[in-house]
Amino acid sequence: MNKEHHNFLFDDKQTKKIMRKARFWSTIKIIGITLIVTPIVLIAFWYGLRHLSLNSAQKVSDDIHLFNEISAPNVQISNQKYDDNLLGGKIITTTYKVLGDQHRPYIWTPIESDYNLFGTLTQTYISNSIQIEGSESLAETHQLERFNDYTGDREMFFYHPKISYDQYKDKISELKQLENNTLVELAISFDNAYSFDEIKSKLPTEVQVDWWWVDAYTDDTLDFFQQGQNTIPANYPYIYGFQSEQSKPKPRRSSNNEVDTFIRNIELLRESKNFEWETNEVYQALIGENGTLETSDVKIIGAVVTGTPEQLQLLQGKSYIKASTFGVISNQK
């Protein structure tokens, strides 16, 4: 009996020793596998996030370009700089204006946009105008001169043809006061809404049009504007139109119809989460009774023209121009 008990104790001690040894080597193996696998998993995870972040940055960049194509009077994008991280980042968009038929670039306000990991814009920092205080009358409140807070240049504004204003600016009549070695940016507002082909045939061929203003406002929006006789500033977030082919150097000009390109850009942007509200507002304001957006639905109510004072004086006395305001006035160098 004692011998059997001794053997049992011996076997129990041996078993425990073997188990401890097995656990030790098992732990070593797990640690070894963890040390090898963890860096691989972390690297794969980092590359996955990096790839997603870069794709998101590209998506946001494309959306910013598209939105600029359907808004931003005479403002074009020159470059975009990414400051990205694994959870999103910031895009700094540098812009410029085109002045005159020589397509002289004029540096304009940069735009900073924050986006998240999934390619959604979270915040956009837009420059505000500096407005010179003056008369408090309703008719003049929205017609005071505005200046860009980045460049110090005048900001254009427009008059909607369906709104009745007590007074209208006529800066075309002041062009003769400017020296002819200057380049002028001028916002012209039409007396009515015209088809693209109709208004193009009315404007002098010697005058360069850089941007076309589209009537993309709902009745509710116009009622709100009418109450305060609101003009529509060029830097207003909800002003829509498209770049003229004239504003591009000849090698870059496209044979595509500008209105069709405008419609295509709206359709593309509607598929994105970014600028969804703005694009749907434009779409709903433009679509015809058949529920689709067609070329005939796009009406032009204004434009941005640029050139020398002599060139722009050709617009003097044109009955279809209801009002005009200055933008950038720059000496040629």
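1. At 30% relative accessibility, E267 counts as partly exposed. In this predicted model, E267 forms a salt bridge with R270, and the closest N and O atoms are 3.9 Å apart. The two residues are 3 positions apart in helix 5, so about one helical turn separates them. R270 is likewise assigned to the partly exposed class, with 32% relative accessibility.

2. A second salt bridge within a helix joins D63 to K59, with a distance of 3.4 Å between the closest N and O atoms. Both residues belong to helix 1 and are 4 residues apart, about one turn of the helix. Their environments should be noted separately: D63 is buried, at 6% relative accessible area, whereas K59 is partly exposed, at 30%.

3. K90 and E112 form a salt bridge through their side chains, at 3.8 Å from N to O. Because K90 lies in strand 2 and E112 in strand 4, the pair ties together parts of the chain that are 22 residues apart in sequence. K90 is partly exposed, with a relative accessible area of 21%, and E112 is also partly exposed, at 33%. A network of salt bridges links K90, E112 and D114. For the whole structure, the search finds 9 salt bridges.

4. The largest pocket has a volume of about 600 Å³. Its lining comprises 30 residues, of which F67, A72, I111, I126 and N235 are the closest to the centre. At least two lining residues come from each of helix 1 (2–69), strand 2 (88–99), strand 4 (111–116) and strand 5 (121–125). By class, the lining of this pocket consists of 18 nonpolar, 9 polar and 3 charged residues.

5. The structure holds 1 cavity of 30 Å³ or more. The volume of the largest cavity is about 60 Å³. Its lining is formed by N68, E69, S71, A72, N74, V75, Q76, D210, W211, Q243 and S247. Helix 1 and strand 11 (208–214) are the elements that give two or more residues to this lining. The lining of the largest cavity divides into 3 nonpolar, 6 polar and 2 charged residues.

6. Two backbone conformations merit attention. Most residues other than glycine have a negative phi. N74, which is not a glycine, has a positive phi of about 55°. This residue lies in the loop between helix 1 and strand 1 (76–85), is buried at 2% relative accessible area, and is among the residues that line the largest cavity. F275, also a residue other than glycine, has a positive phi near 60°. F275 is located in the loop between helix 5 (258–270) and helix 6 (276–286). With a relative accessible area of 17%, F275 counts as buried, because the class covers values under 20%.

7. On the surface, W25, I28, I31 and L35 make a nonpolar patch of about 430 Å². One of these residues, I28, is found in helix 1. I28 is partly exposed, with a relative accessible area of 39%.

8. S330 belongs to strand 15, which spans residues 321–331, and is buried at 7% relative accessible area. S330 and D153 are separated by 177 residues in sequence, while their C-alpha atoms are 9.2 Å apart in space.

Key: Residues numbered from 1 in each chain as written. Predicted model: local features only at pLDDT ≥ 70, side-chain atom pairs only at ≥ 80, totals over all residues. Heavy atoms only, no water. 1 Å grid on protein atoms, 1.4 Å probe; cavity = no way out; pocket = protein on both sides within 12 Å on 5 of 7 lines; lining within 4 Å. Points joined across faces, edges and corners; volume = space filled by probe spheres on them. Nonpolar A, V, L, I, M, F, W, Y, C, P; charged D, E, K, R; others polar. Buried < 20%, exposed > 50% of the residue type's maximum accessible area, 1.4 Å probe, protein only. Patch = residues over 30% accessible without salt bridge, like charges linked within 9 Å, V, L, I, M, F, W, Y side chains within 5 Å. Areas by Shrake-Rupley, 256 points an atom, 1.4 Å probe, with all protein chains shown as cover. Salt bridge = Lys/Arg side-chain N within 4 Å of Asp/Glu carboxyl O.
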